[in-house]
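Open the model in your viewer and keep the selection box at hand. Each stop tells you what to pick and what to look for.

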Amino acid sequence: MPVSPVSPVTPGSDPVRFAYWVPNVSGGLVTSTIEQRTDWGYDYNRELAVLAENNGFDYALSQVRYMAGYGAEYQHESTSFSLALLLATQRLKVIAAVHPGLWHPGVLAKLGATADHLSNGRFAVNVVSGWFKGEFTALGEPWLEHDERYRRSEEFIRALRKIWTEDHAELAGDFYRLRDFSLRPKPLNTPERPHPEIFQGGNSTAARAMAGRVSDWYFSNGKDFDGVTEQINDIRASAAQSGRTAPKFGLNGFLIARDTEAEARETLREIVAKADTRAVHGFRDAVQQAGPSTADGKGMWQDSSFEDLVQYNDGFRTGLIGTPEQIAERIVAYRRLGVDLLLLGFLHYLEEVEYFGKRVLPLVRELEAQQAESEPVAA
């Protein structure tokens, strides 16, 4: 079924939302020896979560790593850390990243239902198909070929949704089987969502097709305008073929907002100049199991440069670097293309999240309001 190219977001549609990467992993969000006044511990992250929800952030994403390496020597587990942040906040939705193959969907469904009740409906999950072969083999778990990992993730999401919404759930899959399984209590069913939101990452052809078929949200690595347009078109096509509404689109970006563009560019230059070269090259070798391993060569990190990999989700590529005015204009341009959520990382979280809330976000909302007034609403 053909799908028309991406059209601008219509006036009066939802404003762009913001999420931040939870720094529950040591080393910050760039693989660099530059000073990062960011801490992976709970006390810091609790303060950050409260600050973020009071400075315009709707979501936080807890990272998942299971073993040390590539600049992340220490990690807090994502689901338990997410629950702790939910209990420390009032409005923030927290997304826990999990790996099929290391989790069973029924076990995660139970944890998610409890977390959802404890947080009054603010728990969400990000299903990560996996790129780090070493974590699986170190735990004695099989490592599947790239597209098979996405096929397993799709089954995982189907099972999770069945358990959260049906009694006597049944599934006869290649990876998971449900036989007359009922979960009680189920997660909260709210006007916003019938169950905790299901996010999914990955840039490959398999990831885009899967997102259209089963996910609520799709997370992309950092992309420019052309890259975003291509991915949104592919996801919409997949959703249309499945008779579904297309998932919402989240875009990764590393934000460097400074009073002058020169200051912002100098910060980027210093981050890259002080890159931990050994860790970046080690990460590059590990991610060969992702995009570069696909048949068509599409996927995460497939064409990432050394500079891109210093921010390990290609965050520099999104171009959120400059003055508050420059960044706000670029954010609104992404929104017009169909980006629903910006997933942001920062160098010094506490200071820069507050700077974002005071200096950048008001400009974004002002530009969105001007756009809504200047463009006629379609009949």
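The tour goes from the whole chain to strands, then rings, then charged side chains.

**Stop 1: the whole protein**

Show everything as a cartoon. This is a predicted model. Count along the chain: there are 12 helices and 12 strands. Now switch on the surface. The protein exposes about 15600 Å². Carbon and sulfur atoms supply 51% of that area. What share of the 379 residues is buried? The figure is 56%. Contacts also reach across the sequence. Take the contacts with a separation of 6 or more: 74% of them join residues 24 or more positions apart.

**Stop 2: strand 1 and its neighbours**

Select residues 17–22. This is strand 1. Is strand 1 enclosed or open? Six of its six residues are buried, so the rest of the structure largely encloses strand 1.

Add residues 341–345, which form strand 12. Strand 1 and strand 12 pair in the parallel sense, over four bridges. Click on Tyr20 and look across: Leu344 in strand 12 stands opposite.

Next add residues 59–62, strand 2. Strand 2 also pairs with strand 1 in the parallel sense, again over four bridges. Tyr20 has a bridge partner here too: Ala60 in strand 2.

Now colour residues 42–53, helix 1. Follow the path from strand 1 through helix 1 to strand 2. Together they make a right-handed β-α-β unit.

While side chains are on show, keep one rule in mind. In a regular strand, side chains alternate between the two faces of the sheet.

**Stop 3: a group of rings**

Show the aromatic side chains. The structure holds 18 aromatic pairs. To describe a pair of rings, use the distance of the centres and the angle of the planes.

Select Phe18 and Phe57. Their ring centres are 6.4 Å apart and their planes stand at 65°, so the pair is edge-to-face. Edge-to-face needs an angle over 60 degrees. Phe18 sits in strand 1, and Phe57 in the loop between helix 1 and strand 2. The two are 39 residues apart, so look for distant parts of the chain linked here. Phe18 is buried, at 0% relative accessible area. Phe57 is buried as well, at 3%.

Keep Phe57 and add Tyr20. Their centres lie 5.8 Å apart with planes at 90°, so this pair is edge-to-face too. Tyr20 lies in strand 1 and Phe57 in the loop, so the pair ties together parts that are 37 residues apart in sequence. Tyr20 is buried, like Phe57.

Which residues belong to the ring cluster? Select Phe18, Tyr20, Phe57, Phe346, Tyr349 and Phe356: ring pairs link them.

**Stop 4: strand 9**

Select residues 248–254. This is strand 9, and six of its seven residues are buried.

Add residues 217–220, strand 8. Strand 8 and strand 9 pair in the parallel sense over four bridges. Find Ser220: its bridge partner in strand 9 is Leu251. Then colour residues 225–241, helix 7. Strand 8, helix 7 and strand 9 make a right-handed β-α-β unit.

Bring strand 12 back into view. Strand 9 pairs with strand 12 in the parallel sense, over five bridges. Here Phe254 stands opposite Gly345 in strand 12.

**Stop 5: salt bridges**

Show the charged side chains. How many salt bridges are there in the whole structure? A search finds 25.

Start with Asp308 and Arg317. Their closest N and O atoms are 3.0 Å apart. Asp308 counts as buried, at 9% relative accessibility. Arg317 is partly exposed, at 25%. The line between buried and partly exposed is 20%, so the two residues fall on opposite sides of it.

Move to residues 349–374, helix 12. Pick Lys358 and Glu354. They form a salt bridge, with the closest N and O atoms 3.2 Å apart. Both lie in helix 12, four residues apart, about one turn of the helix. Lys358 is exposed at 56%, while Glu354 is partly exposed at 32%.

Now select Lys162 and Glu166. Their side chains meet in a salt bridge of 3.8 Å, N to O. Lys162 is partly exposed, at 24%. Glu166 is partly exposed, at 31%.

End with Glu35, Arg37 and Glu351. A network of salt bridges links these residues.

Methods. Residues are numbered from 1 along each chain as its sequence is written. This is a predicted model: local features need pLDDT of at least 70, side-chain atom pairs count only at pLDDT 80 or more; totals for chains, interfaces and linings use all residues. Side-chain values use heavy atoms; hydrogens and water are left out. A salt bridge is a side-chain nitrogen of Lys or Arg within 4 Å of a carboxyl oxygen of Asp or Glu. Buried means under 20% relative accessible area, exposed over 50%, partly exposed in between (1.4 Å probe, protein chains only). Contact means heavy atoms within 4.5 Å. Accessible areas come from the Shrake-Rupley method with a 1.4 Å probe; for residues, only the protein chains shown count as cover. Two strands pair if DSSP finds at least two bridges between them. A crossover is right-handed if, with the strands pointing away from the viewer, the path from the first strand over the helix to the second runs clockwise. Rings of Phe, Tyr and Trp (its six-membered ring) pair if their centres lie within 6.5 Å; planes under 30 degrees apart count as stacked, over 60 as edge-to-face and the rest as tilted.
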